[in-house]
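The following exercises are intended for a reader who meets this structure for the first time. Please look at the sequence and the model before turning to the solutions.

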Amino acid sequence: FSIPTQLGQLVMIDSTFDLRRNALSSSIPTEIGQINIRHTLNLADNSLSSSIPTQLARLSNLTQRFDLRTNSLCSEVPTEVEAISDRIEYWQITTQNSIGTACPLYRPSSAPTSEPTFDCGPGFEASDDGGCAACTAGKYRDDVEKYIKKCRDCEAGKFSTERASACEKCDAPLTTLFESGAASCDACKEFYFWDDRRKQDPCQLCPTNALCSTGEGPEKGVTLRNLKIKGGYYRYSPGTDQIVRCKVSDACIGGNLTHDESCANGYTAAMCSRCSEDFYRDMISSTCESCDGGVEGLITLSVIVCLVAIMIYPLYLLVSMVSKPVRDFMGKHKDTIELMRENGST
């Protein structure tokens, strides 16, 4: 950045003309000598080059300070400028300059620019029309690096409101969703999720059996709505963080799904506890199997029939063994039993 030549249009500065430590380069504009500065001229700690303009000798009203140290100024101090040093309290030119050394190249004063001839101040930036505009939310401009004329984005984990001179850091576990330019703390750090039901404390620890990380590691920006759960577990709705275990682990596929959408094929109802239409419950595995299972279905049915037969046959043998003596007795005394029945009826 160079010193705008338009500064020469300033008629009078009643106190201090101070542009030190602004990373200014190029030569000192001759137009500076046209300003009626009454107290201090301070251009120290920049990168100004070339020789000192003789026009600075016109600053005859300076009384306190003439400071050009720590630049890249060269050649001799003009005698006209040296002549005004007697009436100035603090005079510093030669320190960390190349005064007395020939300048390698003459550089004329900078051409007029459209840059504003004044600093807009913290929280404001130079606008395209030559005026000043407030920094929008998510941006800031401080009073340290004045040579930066535009507002800058807040870095990740920080935010700002309108007209900010600095960004504020989010209180953990709050953070910002995007890498820069946040107007508020709008996300939670890793292993937390954003619960919009809690206005005062929206960041909550991820519930057990929820997934607040990806295959590449933990992630930020998890919310109640996009919360993912492990397979084998069920969530009743996107508006709850209650997670329950399914009776049949394979029935619930997990992920960011709720209701029947979270059930595997063939399952339905809460916790995926019922078989869908055209499916039946396998008595052995408790899983839901398709009624159109074909050979697999017949094999399963055959196995069930065989198991039932194996379970019933021992019972049949036991009943037969107990009832045989009774049958033998009744066959041997059949006539006596009949005669007793006849006598009883009369």
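Five exercises follow, each with a worked solution.

This is a predicted model, in which local features need pLDDT of at least 70 and side-chain atom pairs count only at pLDDT 80 or more, while totals for chains, interfaces and linings use all residues. Residues are numbered from 1 along each chain as its sequence is written, and side-chain values use heavy atoms, with hydrogens and water left out.

**Exercise 1. The chain as a whole**

Task: Describe the secondary structure, the burial and the contacts of the protein chain.

Solution. Step one concerns secondary structure: the chain has 3 helices and 29 strands. Here helices (H or I, at least four residues) and strands (E, at least two) are DSSP runs, numbered from the N terminus. Step two concerns burial: 33% of the 346 residues count as buried. Buried means under 20% relative accessible area, exposed over 50%, and partly exposed in between, with a 1.4 Å probe and protein chains only. Step three concerns contacts (heavy atoms within 4.5 Å): among those with a separation of 6 or more, 46% join residues 24 or more positions apart.

**Exercise 2. An open sheet**

Task: In which order do the 4 strands of the open sheet lie, and which strands stand at its edges?

Solution. First, the order is S2-S4-S6-S8, with parallel pairing. Second, strand S2 (16–18) and strand S8 (90–92) stand at the edges; each has a single partner strand, so one side of each is left without a neighbour in the sheet. Third, neighbouring strands of this sheet are turned by 10° against each other on average, direction ignored; axes are lines fitted to C-alpha atoms, for helices over the stretch in contact, and angles run from 0 to 180 degrees between N-to-C directions. Fourth, strand S6 (residues 65–67) pairs with S8 in the parallel sense over 3 bridges, and Arg 65 stands opposite Tyr 90 in S8. Two strands pair if DSSP finds at least two bridges between them.

**Exercise 3. Salt bridges around Asp 195**

Task: Which residues are linked with Asp 195 in a network of salt bridges?

Solution. Begin with the criterion: a salt bridge is a side-chain nitrogen of Lys or Arg within 4 Å of a carboxyl oxygen of Asp or Glu. The whole structure holds 9 salt bridges. Next, take the partners of Asp 195: Arg 197 meets this residue at 2.8 Å, N to O, and for Arg 198 the closest N and O atoms are 3.5 Å apart. The network links Asp 195, Arg 197, Arg 198 and Asp 241. Finally, compare accessibility: Asp 195 is buried because its relative accessibility is 0%, whereas Arg 197 is partly exposed at 44% and Arg 198 is partly exposed at 40%.

**Exercise 4. A cis peptide bond**

Task: Where is Pro 173 found, and what is the peptide bond from Ala 172 to Pro 173?

Solution. First, Pro 173 lies in the loop between strand S15 (168–169) and strand S16 (174–175). Second, the peptide bond that joins Ala 172 to Pro 173 is cis, with omega near 10°.

**Exercise 5. The loop between S28 and S29**

Task: What can be said of Ser 286, found in the loop between S28 and S29?

Solution. First, phi of Ser 286 is near 65°, a positive value in a residue other than glycine. Second, Ser 286 counts as partly exposed because its relative accessibility is 34%.
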